[in-house]
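Welcome, and thank you for taking a look at this protein. Please keep the sequence and the 3D view open while you read, and follow along from one place to the next.

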Amino acid sequence: GIEVFAYAIDTTGTPFTTWIAGRVAPDAESAVSRIEEEANAYVDRSYIPDEELPRYFDHADIVLLPYLSGTTSGAIHLARAFETAVVTSDLPYFRSVVEDGVDGCVLEEATPSRLTGVLDDLVAAPARLESLGSAGLETERSDRFDWERIAAEAAEVYRTT
């Protein structure tokens, strides 16, 4: 979905700083290179070790995940652990962990125009960003993602099968 983001940057009227951190897939390289040419864009293509992640998430106001496919993403949970608003594609897994408008934003379609609209709205509303980030952290702290409960449920499945 990085191509969707690259086109959204071209059409948004809202200034913001873009960070792309981590290894870039070969098929995404041309889009990342286009983004990198923007005045307020920073790209770090290196492997980001776990101990360096807070440095990136602490500075983010929005973590954008416009994936076109995928079955899970630890990035949602990690971003919310840092109380950062998330914007995701409408993929089944994302929809199952993000409640649109409550603890994140789910794009109905991962298109540049939809993404531009959401980014423009969120950047213009810092209180909304803060609210989404706080709600996301509360979701992560809830029983829904409690590891002891999840482990107990998994153990029960193994005991009964």
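## A partly exposed proline

Let us begin with P112. This is a predicted model, and in it P112 has a relative accessible area of 27%, so the residue counts as partly exposed. P112 sits in helix α6. Leaving aside residues up to four places away in sequence, P112 touches V4, Y7 and A8.

How far apart in space are P112 and P26? Their C-alpha atoms are 21 Å apart, and along the sequence 86 residues separate the two.

## The largest pocket

Helix α6, which spans residues 112-123, also takes us to the largest pocket, since α6 gives at least two residues to its lining. The volume of this largest pocket is about 1,400 Å³. Its lining holds 35 residues, and W19, I20, A21, V63 and L64 are the closest to the centre.

Which other elements supply at least two residues each to this lining? They are α1 (2-11), β1 (18-21), α3 (53-57) and β3 (62-65). Sorted by class, the lining of the largest pocket contains 27 nonpolar residues, five polar ones and three charged ones.

## Strand β1 and its partner

Now turn to β1, one of the elements that line the pocket. Strand β1 pairs with β2, residues 41-44, in the parallel sense, and four bridges connect them. Within that pairing, A21 has D44 in β2 as its bridge partner. As a general point, the strands of a sheet pair through backbone hydrogen bonds, and the pairing can be parallel or antiparallel.

The two faces of β1 are not alike: T18 and I20 make up the covered face, while W19 and A21 make up the uncovered one. Is T18 buried or exposed? Its relative accessibility is 6%, under the 20% limit, so T18 counts as buried. This residue of strand β1 touches F5, I9, I35, N40, A41 and Y42, not counting residues up to four places away in sequence.

## A three-stranded open sheet

Another place to visit is an open sheet of three strands, in the order β3-β4-β5, with parallel pairing. Strands β3 and β5 (105-106) are at the edges and have a single partner strand each, so one side of each has no neighbour in the sheet. Helix α4, residues 74-81, packs on this sheet and touches both β3 and β4. The direction of α4 makes about 160° with that of β4.

Look more closely at β3 and β4 (residues 85-88): the two run parallel and are joined by four bridges. In this pairing, I62 stands opposite A85, and L65 has T88 as its bridge partner. From β4, the residues A85 and V87 point one way and V86 and T88 point the other way, yet all of them are buried.

## Around strand β4

Just as worth a visit is E83, in the loop between α4 and β4. Most residues other than glycine have a negative phi. E83, although not a glycine, has a positive phi of about 60°. With a relative accessibility of 42%, E83 counts as partly exposed.

E83 is also one of the residues that G133 touches, along with T84 and A85, when residues up to four places away in sequence are not counted. G133 is found in helix α7, residues 126-141. Its relative accessibility is 0%, so G133 counts as buried. G133 and V86 are 47 residues apart along the chain, and their C-alpha atoms are separated by 7.6 Å.

## A glycine in a loop

The last stop is G70. Where is G70 placed? It belongs to the loop between β3 and α4. The relative accessible area of G70 is 40%, so this glycine is partly exposed. From C-alpha to C-alpha, G70 and S134 are 25 Å apart in space, and they are 64 residues apart in sequence.

Definitions and conventions
Residues numbered from 1 in each chain as written. Predicted model: local features only at pLDDT ≥ 70, side-chain atom pairs only at ≥ 80, totals over all residues. Heavy atoms only, no water. 1 Å grid on protein atoms, 1.4 Å probe; cavity = no way out; pocket = protein on both sides within 12 Å on 5 of 7 lines; lining within 4 Å. Points joined across faces, edges and corners; volume = space filled by probe spheres on them. Nonpolar A, V, L, I, M, F, W, Y, C, P; charged D, E, K, R; others polar. Pairing = 2+ DSSP bridges. Contact = heavy atoms within 4.5 Å. Axes fitted to C-alpha atoms, helices over the stretch in contact; angles between N-to-C directions. Buried < 20%, exposed > 50% of the residue type's maximum accessible area, 1.4 Å probe, protein only.
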